[in-house]
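Thanks for making time this morning. I would like to walk through one model with you, strand by strand and then outward, and I will say as I go how each term is defined.

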Amino acid sequence: MKVTESGPGTTIPEAFPPPLMDVWQHRHILDLDDFTKEEIELVFEIADAMTEVLTREVKRVPTLRGKTVVTLFDEPSTRTRASFELAAKNLSADTVSLDASKSSVVKGESLVDSLRTIQALGADVIVMRHSQSGAPYLAAQHLNTNIINGGDGWHAHPSQALLDLYTIRRHLGDLTDLKVTIVGDIMHSRVARSNIWGMTTMGAQVMLCAPPTLFPRGLAGFISRCRLPNVRVESRIEFALEGADVVMMLRLQRERQQSGLLPSLREYIQRYQLTLERLSLAKPYALVLHPGPVNEGIEIGPEVAHGAQSVIEEQVANGVAIRMALLYLIAGGKNK
Amino acid sequence: MMSPSLLISGGHLVDPSQGTDGIGDLLIAEGKIAWIGDKGTASPPPDLYTIDATGLVVCPGFIDLHCHLREPGFEDKETIATGTRAAARGGFTTVCCMPNTNPPLDNQASIDYVKKTAQTQGVVRVLPIACITKARQGKELTEMSELAEMGAIGFSDDGDSVASSRIMCLAMDYSQALALPIIDHCEDKELANGGLMNEGWVSTRLGLKGIPVAAEEIVVARDLALAQLTGARLHIAHVSTRESVELIRRAKEKGIAVTAEATPHHLTLTEERVMGWQAGKNDQLTYDTNAKVNPPLRTKEDIAALIKGLNDGVIDVIATDHAPHTLVDKMCEFGLAAFGISGLETALGCLMGLVHSGELDLVTLVSKLTLEPARIIGTKYGELGTLSPGCQADITLFDPNKEWVVSSQGFISKGKNTPFEGYQFKGKVVATIFAGDIIYQADDFADVFHFTKQGKKS
């Protein structure tokens with residue numbers, strides 16, 4: 001990317017050229033299923049520049065000055081919300097943070113009406129987290145404002161998948177033919193779904209691993225109908241981990257056991273927890289990822305979560321850079 | 001004053017009840033079919049309306065065994081006035097309305113209200129289906145005998161399958177003595193577990209909770225076992241899966257008194273429609289709440305089995321399951337949207353696609369919309385679904401080749417919730433006649449209607 005040098009080794013993101021519109025095709029970021037490899041690489045390139053900004057003492061550039069980014073979350077979230085808000089602030093955007101569980105949505109206003117109100121208040125970008133799969137698609141259908149999906153139901157979490165990909169790339173370089181094993185509650189996981197698209201687009205091999213009750217029944221059909229030959233399914237974690245370059249553990253919600261999907265947490269821990277011993281089945285340098293929040297001692301042992309191969313904290317840091325890149329790509333080009 | 005006689009001339013008469021399938025004339029006088037025969041051989045009275053039905057199919061008025069008129073209680077979705085007019089526009093002269101109103105049709109007064117409102121505000125015959133259990137709670141039987149006397153043509157807790165096998169068994173015992181069918185929406189709610197669409201690759205892709213096919217099949221199998229045990233008449237509503245068709249086929253072979261229906265949407269749309277896919281197009285991914293329906297849209301294989309079932313006689317009837325909803329009910333998150341499709345006005349156009357593709361022949365289609373549902377209803381309300389002389393003149397005329405584009409804005413129904421928006425259909429209702437009166441005529445066929453005073457003597 002062309003950047004203006006103001007001193008040796010210093011990039012000035014405010015002088016970024018407008019996003020390369022011949023590569024970048026998105027008004028909204030809803031999922032990675034419609035992202036090309038070139039688009040994902042563009043996100044990484046910009047995220048690299050943003051990472052540099054984050055190393056400065058004053059982590060702020062005026063790229064989105066005068067723009068308003070609204071976060072509308074109807075589910076509890078610490079890292080995604082904070083990460084988007086920090087990303088927006090680092091780009092000098094104004095941020096408004098709305099808690100949908102306490103706002104007009106509760107008063108009976110429809111989602112579309114709430115979003116139209118936010119649009120009318122002057123939002124340039126709405127980052128939304130919603131418990132219902134597909135809610136951001138409804139928003140994109142009825143609004144002109146740019147929508148970023150901050151996680152919808154069981155469906156998608158594109159910024160999380162991008163930061164996962166980015167974290168892997170920073171350690172292992174090119175993702176082509178890397179074996180990525182995703183372990184846990186695949187059925188209910190928007191992180192897994194978005195990663196399936198992102199990983200396969202970047203050429204990685206994806207191995208999905210879960211107890212049989214936590215795979216969606218249509219998974220095999222999904223893999224064949226969406227032509228995803230690089231995605232495989234395995235219920236036994238020992239086989240799934242063999243030769244993995246990356247191990248991504250998913251959060252196990254305790255409600256899953258209460259609703260009968262698992263016989264007991266004890267058995268899940270015994271069969272599926274990522275321990276040092278199990279991790280040794282993967283490649284020696286294999287990275288350990290987790291989208292958080294971590295249930296230490298359930299899906300992952302503390303010695304692994306905090307071990308040498310864990311990049312969990314780094315994922316969080318990279319999340320800010322990735323979200324800065326996304327906000328820039330979505331909102332940065334318009335007034336140039 | 002009696003309306004003048006009506007001659008429907010030169011149409012393709014299709015009446016499976018008499019084995020009629022050919023060009024001919026039909027004369028209507030005093031609200032009844034007066035005469036049916038070869039073209040040009042009628043001896044009409046001097047003053048009459050004529051309809052030049054050349055190129056049109058003339059058949060008994062369609063009968064919808066399964067629709068939701070929403071009144072009383074949900075008049076923002078539909079009323080008996082709007083629903084029956086939508087029915088007329090769709091070619092239906094008889095509609096059987098489901099009891100999931102508020103209050104539900106579980107008592108004499110509610111049934112009476114529906115019947116009286118239909119008489120004063122409706123334009124077609126409305127036959128009520130009463131609840132199996134009080135308030136559709138699945139716990140205590142309604143006063144089925146009295147409701148039968150009030151005119152109920154069957155019993156159903158539609159939408160809420162009776163979960164208790166014991167209560168269902170008792171309902172069948174009781175209805176058996178009344179010779180009325182139990183109509184079941186077969187769904188194991190426990191297994192469906194709040195599912196939103198068919199469980200399969202699309203639900204996986206969209207991250208939506210799926211409804212397994214077994215949720216339907218378990219209850220179909222249970223009901224068939226109970227029908228065998230009790231000897232009751234059982235009617236399976238909106239069959240949607242291949243295995244359900246097989247279960248019903250085997251039950252019929254065993255002589256169990258079961259009938260079954262399929263809907264136009266289950267016969268033509270697959271689960272892919274939920275994500276916005278239409279045949280031939282790969283549109284942008286959406287979550288289309290207008291394709292959210294229960295039972296859910298299934299797969300190509302299920303459609304093939306349903307069509308085969310229609311042709312083999314395993315599926316007796318095509319019913320719309322017309323389920324109108326407001327815009328607010330549908331313009332929301334997929335998981336929160338109401339289930340249902342507004343189907344009365346698209347039924348024929350949709351189904352004629354199956355005729356044009358050669359999957360269903362015209363006479364079979366007409367039979368599934370007229371003779372077969374009439375058999376299930378019985379003769380409590382006179383002879384329905386026939387063009388036999390002496391019977392009430394309920395007639396539908398349609399152009400089998402007229403192409404048109406579905407626009408929900410043109411619906412008479414308050415429910416604009418259709419998954420067929422923008423679809424091009426071939427086959428359109430031209431006129432609907434109820435008791436000899438033209439209650440609907442399509443704007444684009446004005447030239448077929450004439451009033452003549454022919455051979456008037458001085």
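Val125 of chain A stands opposite Asn146(A) in strand S6 (146-152) of that chain, and strands here, like helices, are DSSP runs numbered from the N terminus, with at least two residues for a strand (E) and at least four for a helix (H or I). Please keep in mind that this is a predicted model, in which local features need pLDDT of at least 70 and side-chain atom pairs count only at pLDDT 80 or more, while totals for chains, interfaces and linings use all residues. Residues are numbered from 1 along each chain as its sequence is written, and chains are lettered from A and ligands numbered from 1 in the order in which they are written.

Val125(A) belongs to strand S5 (residues 125-130) of chain A, which is joined to S6(A) by 5 bridges, the two running parallel; we say that two strands pair if DSSP finds at least two bridges between them. S5(A) also pairs with strand S3 (residues 68-73) of chain A, again in the parallel sense and over 5 bridges, and there the bridge partner of Val69(A) is Val125(A).

How many of the residues of S5(A) are buried? The count is 6 of 6, where buried means that 20 or more other C-beta atoms lie within 10 Å of the residue's own, exposed means 12 or fewer, and partly exposed lies in between, with C-beta atoms placed from the backbone. Val125(A), Val127(A) and Arg129(A) point one way from the strand, whereas Ile126(A), Met128(A) and His130(A) point the other way.

Ile126(A) takes us to the largest nonpolar core, of 124 residues, where Ile126(A) is one of those that touch the most other members, along with Val180(A), Val183(A), Val246(A), Val247(A), Ala325(A) and Leu327(A). By nonpolar core I mean a set of buried Ala, Val, Leu, Ile, Met, Phe, Trp, Tyr and Cys residues joined through C-beta atoms within 7 Å. Helix H13 (residues 312-331) of chain A gives the most to this core, with 12 residues. The core lies between domain 1 (5-153 + 317-331) and domain 2 (158-305) of chain A, because both give residues to it; the domain bounds come from an automatic or database domain assignment.

Staying with those two domains, their C-alpha centres lie 26 Å apart, and their contact takes 23 residues from domain 1 and 16 residues from domain 2 of chain A, with two residues in contact if their C-beta atoms, placed from the backbone, lie within 7 Å. On the domain 1 side, the elements that give two or more residues are helix H1 (37-54), strand S6 and H13 of chain A.

Let me turn to chain B, and to helix H8 (residues 242-253) of that chain. Its 12 residues should span 16 Å at 1.5 Å a residue (the expected span being 1.5 Å times one less than the number of residues), and its end C-alpha atoms are 17 Å apart, which agrees. Arg242(B), Ser244(B), Val245(B), Leu247(B), Ile248(B) and Ala251(B) are buried in H8(B), and the buried residues of this helix pack against helix H7 (213-230), strand S12 (234-236), S13 and helix H10 (300-312) of chain B.

Is Glu243(B), also in helix H8 of chain B, buried or partly exposed? Glu243(B) counts as partly exposed, because it has 16 C-beta neighbours inside 10 Å. Not counting residues up to four places away in sequence, Glu243(B) touches Val213(B) and Glu217(B). After H8(B) comes Gly255(B), whose phi is positive, near 90°.

Strand S13 (residues 258-262) of chain B, which I named as a packing partner of H8(B), pairs with S14(B) in the parallel sense over 2 bridges, and Glu261(B) stands opposite Val317(B) there. Both strands belong to an open sheet of 4 strands in chain B, with the order S9-S12-S13-S14 and parallel pairing; its edge strands are S9 (182-184) and S14 (317-318), each pairing on one side only.

To finish, the contact between the chains takes 21 residues from chain B and 25 residues from chain A, and helix H6 (residues 201-206) of chain B gives the most to the chain B side, with 5 residues.
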